[in-house]
Amino acid sequence: MNIITMASRKGGAGKSTLTAHLAAFSQQAGHRCVVIDADPQGSLTLWHSLRADGNPALRNAARGVDRALASAMVEGYQWAFIDTAASMWVVALEAIRAATFVLIPARPGFFDLNAVRETVATARERNKPYAVVLNAAPVKREDKEAPAVTQSRMFFDKLGIPVWSGQVSQRAGYVLTLAAGASVCEVTPESTATSEIARLWSAVERSVAAINEARPGTGVTHGQAA
């Protein structure tokens, strides 16, 4: 089972939002998916309660991330997406330890960028492949990144931290569709918002494929640019 852990020491980075949209996109692409809510705030649980078909499946991590993953594995799920909380770092550590790949959302701002360092250090200590996703970024104008996004990439480049080449922009659709128990790929499949999630999912799939291919050998590198 491929396990994607969404982690960040900074609250409000958009972990729950990205988890929901990625899991819904993966489910719609034909994969058997489960989302694991390891955040006491229960945002994913609320979203899931509004979904008519109950997919992707939901598991709560109140009794531990490892237990929820073991149950999902027995049930034959292909992908697990774990949402963690900045305030419950012990639980997040468990989710990072179990991860195939760690995604670290970061808004392009000074506080968010600096907060990434601790999450990166944790992933590196556990030899877990990871990448930063620039989230809630200013919308591109004439296909050009905003100065804040460019500056963010330079910041991470100096630290040797891998960053996904795309971005998830600040769009109302991401929030509005979740409030209806849906996702952008289900409500507006031809939208730019869906295209951004599709690109991120494609990058995650490629990274996980490379990780799995490398496993029989000497291991994978600490960072993995999605």
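What follows is a walk through the cores, helices and unusual backbone spots of this predicted model.

The inside is a good place to start. The largest nonpolar core takes in 32 residues, and those with the most contacts inside it are Ile-4, Leu-22, Trp-79, Phe-81, Leu-103, Leu-200 and Val-204. Helix α9, spanning residues 192–214, gives the most to this core, putting in eight residues. Apart from it lies another core, this one of 21 residues, including Ala-99, Ile-104, Ala-146 and Ile-161. Back in the largest core, Phe-81 has a long list of partners. Leaving out residues up to four places away in sequence, Phe-81 touches Ile-4, Thr-19, Leu-22, Ala-23, Ser-26, Cys-33, Val-34, Val-35, Ile-36 and Trp-201.

Several of those partners sit in helix α1, so to speak a helix with its back to the solvent: 11 of its 14 residues are buried. The buried set in α1 is made up of Lys-15, Ser-16, Leu-18, Thr-19, Ala-20, His-21, Leu-22, Ala-23, Ala-24, Phe-25 and Ser-26. The length of α1 (residues 15–28) also checks out, because 14 residues at 1.5 Å a residue should span 20 Å, and the end C-alpha atoms are indeed 20 Å apart. Just after α1, Gly-30 takes a positive phi of about 105°.

Helix α4 (residues 89–98) has buried residues too, namely Trp-89, Val-91, Ala-92, Glu-94, Ala-95 and Ile-96. The cover over them comes from both strands and helices, including β1 (2–6), β2 (33–38), β4 (79–84) and β5 (101–106), along with α3 (65–74) and α5 (110–125).

Helix α5 also packs against another helix. Its partner is α6 (residues 147–159); the two meet at an angle of about 35°, and their axes are 12 Å apart. The crossing of α5 past α6 is right-handed. On the α5 side, the contact is made by Leu-113, Asn-114, Val-116, Arg-117 and Arg-124, while α6 brings Ser-152, Phe-155, Phe-156 and Leu-159. Sorted by class, this contact of α5 with α6 has five nonpolar, two polar and two charged residues.

That leaves the backbone oddities. Most residues other than glycine have a negative phi, and most peptide bonds are trans. The peptide bond from Asn-55 to Pro-56 goes the other way: it is cis, with omega near -5°. Pro-56 belongs to the loop between α2 and β3 (57–60). Both residues of that bond also turn up around His-48, a residue of helix α2 (residues 43–49). Setting aside neighbours within four places in sequence, His-48 is in contact with Gly-54, Asn-55, Pro-56, Ala-57 and Leu-58. His-48 counts as buried because its relative accessible area is 15%, below the 20% cut-off.

Two residues that are not glycine have a positive phi. Asn-127, in the loop between α5 and β6 (130–134), has a phi of about 55°. Ala-136, in the loop between β6 and α6, has a phi of about 50°. How covered is each one? Asn-127 is partly exposed, with a relative accessible area of 38%, which falls between the 20% and 50% limits. Ala-136, on the other hand, is buried, at 15%.

Notes:
Residues are numbered from 1 along each chain as its sequence is written. This is a predicted model: local features need pLDDT of at least 70, side-chain atom pairs count only at pLDDT 80 or more; totals for chains, interfaces and linings use all residues. Side-chain values use heavy atoms; hydrogens and water are left out. A nonpolar core is a set of buried Ala, Val, Leu, Ile, Met, Phe, Trp, Tyr and Cys residues joined through side-chain atoms within 4.5 Å. Buried means under 20% relative accessible area, exposed over 50%, partly exposed in between (1.4 Å probe, protein chains only). Helices (H or I, at least four residues) and strands (E, at least two) are DSSP runs, numbered from the N terminus. Contact means heavy atoms within 4.5 Å. The expected span of a helix is 1.5 Å times one less than its number of residues. Axes are lines fitted to C-alpha atoms, for helices over the stretch in contact, and angles run from 0 to 180 degrees between N-to-C directions. A crossing is left-handed if the near helix is turned anticlockwise from the far one by less than a right angle, and right-handed if clockwise. Ala, Val, Leu, Ile, Met, Phe, Trp, Tyr, Cys and Pro count as nonpolar, Asp, Glu, Lys and Arg as charged, and the others, Gly among them, as polar.
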